[in-house]
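Biologist: I'd like a close look at a single part of this pair of chains, the place where strands meet across the boundary. Could you walk me through that part and then show me how it sits in the rest?

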Amino acid sequence: MSKLTQRKSLDYIKKDYVRTRTMPGSWYLSSYKFRFNITHHQPMLEKLKEKKLIANQCSGCNRVFFPPRLVCGQCLVKPDRWVDIRDTARVATYAIAYLKNPDTGQVEEKPMILVQHDGADTCSIAELAPGINVKDTYIGMPIKAHWKENATGGLMDIEYYDPIPDDAKDIE
Amino acid sequence: MGRQVAIVSAGFCEHSSKRSDVNMPELVNEAIRDCLKKVPSLGISDIDAFVTGNMPAFEGANMPELWSTDWMGARNKPLLRVTTGGTTGGTVAIAGYYNVTAGLPGIDTVLAIAYEQQSQGDTSVGLASTAYGEISILNTLGIDYDSLSRILSAGAAIGVAAYQATNYMSKARITEEDLARVVVHNRRMAAKNWWAHLRMPDLTIEEVLDTPYVQYPLRYGMLCPASDGACAMLFTTEEKAKDMCDIPVYVNGVASVANESAVLGYDGSGSAQTDPSAQIGAMRSSELAYSQAGISFPRKEIDYAEVYSPFPNQELMWLEKLGLFEETTAPQMYENGTTALDGDLPVNCSGGVNSTNAIGASAMERPAVAALQIMGKADNQVPKTVHTSIGHGWGGSLNLCTLMVMSDEPKRKWR
């Protein structure tokens, strides 16, 4: 067993209980139909094919939402303006997950990040470049989107985010 | 203005990871009997209405009030079920308060019950069922299932709190040792509490730091357990409370505020809460509850605090956001003993959620313990006299906060 996943529990005062009658049961959930309106995502998905990012802006509070949002929670109006945003971003917050690689069975450290694109007021969940040392991650780290070669018009067109230096030309 | 509400009693059942000796209604019954034992003059027939709640789908039984009504003693009486996720207990307590303060004819004494038997079902399935509808939209936006499961593994309760922890740690410039100190504080307090789950009288900081990471910066030893347990609280009017017990505890302010959900947001559209440790909802709920209670200087006026902290970084954060300490100073307060049992502001002397977490009941155990501290009947009673205390609850996707402010004096009436 890998050192990272072995369970080392702490001792505590335990009590033994008499066992009452226990009936095993299982609950097979049926299939559900979750309904979403994704019309507000369509302009963004179209632009992703050209490797460009757009976000929508609330005309009440001027907040910019990326990914676009159907309703602004503060003003209760539909954001109706479309603005271009950059593909540079900042790490808003991060955590390191310890996940088992299905191919090798090894536990890998993987930083999970929330990115806030420059020009947007919201953050979304994403991944960092695979080669990066997790100890170099910090909050406010400048990063840049790494695009897939053939963009298909989905959020996965941005494969991951590459770290860039603080004084990079992209964020001027 | 509604009627003044008082708490006269609170009861708990024994918490454990597997209460294999009882089923869910019996577990509830244990807490109710403990609650009524403390008020000898009151029988079950004197209770006019009931409020109950637990997390749906965690035990695999929906509508559990159908089979636990008789065990609660609620047959042929008004019964209300409230469930709001992690804050279920806090909301049930607030609903009990509302029931009394509304002044409905014939409803004076209300029993609020919150419970959870997590060993009966699968908590992760329950959590997934609450989030799946929101997450499945990411599939339609072009994130395939493999990467979604990677994101999901970081998006469960621990994952969300880990984001919060990294943010808080970089803001307050603290290390994991500070987090471990909070854990040691909680677990040692729990050792003096008969109903707590993880009772570790000899835990040290080194032992906590020796456990592996579950998700950086949270280690296995820092996480809350999954417990089976129940909690009951008795609310009544000011006049009746004086006959029932020596020191009734008056509820002077309640608040339940939701901020925008963090991390995932709604419909996969991200979150405007870019700093998960900013917690505007908690600040707003404390403003509301303190203004109702007439508290202008929370740092001076509040003598005891019970905060909902499954993870140690949250305990530090809530204490600051609820106005009890200056921003980023809470870690020092644990170091210099301000929050100890005999300190200026004792915190989580019951062991907190970090030692005992029966999800549905946790948020109610906080105001329940805070009330018992004022009455002087708590199991780990603080040596000083407690006049004003708060009980806090947290839930949702880092966004929902409940707060109850209690005092040994009724609300000041301005004329």
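Biologist: To start with one residue, which residue in strand 5 of chain B does Ala97(A) stand opposite?

Modeller: Happy to take you through it, and please keep in mind that this is a predicted model. Ala97(A) stands opposite Gln215(B), in strand 5 of chain B. Ile96(A) faces the other chain too, with Tyr216(B) of strand 5 of chain B opposite. These residues belong to a pairing that crosses from chain to chain: strand 4 of chain A and strand 5 of chain B, residues 213–216, run antiparallel and are joined over two bridges. As a general reminder, strands of a sheet pair through backbone hydrogen bonds, in either the parallel or the antiparallel sense.

Let's step back to the contact around that spot. Chain A brings 46 residues to the contact, and chain B brings 51. On the side of chain A that touches chain B, strand 4 (88–100), strand 5 (107–117) and strand 6 (124–127) of chain A each supply at least two residues. The largest share comes from strand 4 of chain A, with eight residues. Sorted by class, this side of chain A has 29 nonpolar residues, 10 polar ones and seven charged ones.

Strand 4 of chain A also has partners within its own chain. With strand 5 of chain A, strand 4 shares 11 bridges, and the two run antiparallel. Ala95(A) will help you find the register, as its bridge partner in strand 5 of chain A is Met112(A). The two strands form a hairpin, with six residues between them. In that turn you will find Gly105(A), whose phi is positive at about 80 degrees. Strand 7 of chain A, residues 142–147, is another antiparallel partner of strand 4 of chain A, this time over three bridges. There, Ala89(A) has Ile143(A) as its bridge partner.

Elsewhere in chain A is an open sheet of three strands, ordered 2-1-3, with antiparallel pairing. Strand 2 (64–65) and strand 3 (81–85) of chain A stand at its edges with a single partner strand each, so one side of each has no neighbour in the sheet. Strand 1 of chain A, residues 53–57, is joined to strand 2 of chain A by two bridges in the antiparallel sense. Here Gln57(A) stands opposite Val64(A) of strand 2 of chain A.

Now for chain B, the other side of the contact. Chain B has 15 helices and 11 strands, and its C-alpha atoms fill a box of roughly 60 × 45 × 45 Å along the principal axes. A compact globule of 415 residues would have a radius of gyration near 22 Å, and the 20 Å of chain B agrees with that. Of the 415 residues in chain B, 59% are buried. If you count contacts in chain B between residues at least 6 apart in sequence, 80% of them join residues at least 24 apart.

Chain B also has an open sheet of its own, in which nine strands follow the order 3-2-4-7-1-8-11-10-9 with mixed pairing. At the edges stand strand 3 (79–81) and strand 9 (304–306) of chain B, each with a single partner strand, so one side of each is left without a neighbour in the sheet. Neighbouring strands of this sheet are turned against each other by 25 degrees on average, direction ignored. At one of those edges, strand 9 of chain B runs parallel to strand 10 of chain B, residues 388–395, with three bridges joining them. One bridge there pairs Ala305(B) with Ile390(B) of strand 10 of chain B. Helix 10 of chain B, residues 280–293, packs on the sheet and touches strand 8 (249–258) and strand 11 (400–407) of chain B. The direction of helix 10 makes about 150 degrees with that of strand 8 of chain B.

One last stop is a helix pair in chain B. Helix 3 (residues 88–101) and helix 15 (residues 359–375) of chain B pack with axes 5 Å apart, at an angle of about 55 degrees. That angle makes helix 3 of chain B oblique to helix 15 of chain B. Among the residues that meet are Gly89(B) and Gly90(B) from helix 3 of chain B, and Gly360(B) and Ala361(B) from helix 15 of chain B. The residues of this contact divide into six nonpolar, five polar and one charged.

Definitions and conventions: Residues are numbered from 1 along each chain as its sequence is written. Chains are lettered from A and ligands numbered from 1 in the order in which they are written. This is a predicted model: local features need pLDDT of at least 70, side-chain atom pairs count only at pLDDT 80 or more; totals for chains, interfaces and linings use all residues. Two residues are in contact if their C-beta atoms, placed from the backbone, lie within 7 Å. Helices (H or I, at least four residues) and strands (E, at least two) are DSSP runs, numbered from the N terminus. Ala, Val, Leu, Ile, Met, Phe, Trp, Tyr, Cys and Pro count as nonpolar, Asp, Glu, Lys and Arg as charged, and the others, Gly among them, as polar. Two strands pair if DSSP finds at least two bridges between them. Axes are lines fitted to C-alpha atoms, for helices over the stretch in contact, and angles run from 0 to 180 degrees between N-to-C directions. The radius of gyration is taken over C-alpha atoms; the globule rule is 2.2 Å times the number of residues to the power 0.38. A residue is buried if 20 or more other C-beta atoms lie within 10 Å of its own, exposed if 12 or fewer, and partly exposed in between; C-beta atoms are placed from the backbone. Angles under 35 degrees count as roughly parallel, over 145 as roughly antiparallel, 65 to 115 as roughly perpendicular and the rest as oblique.
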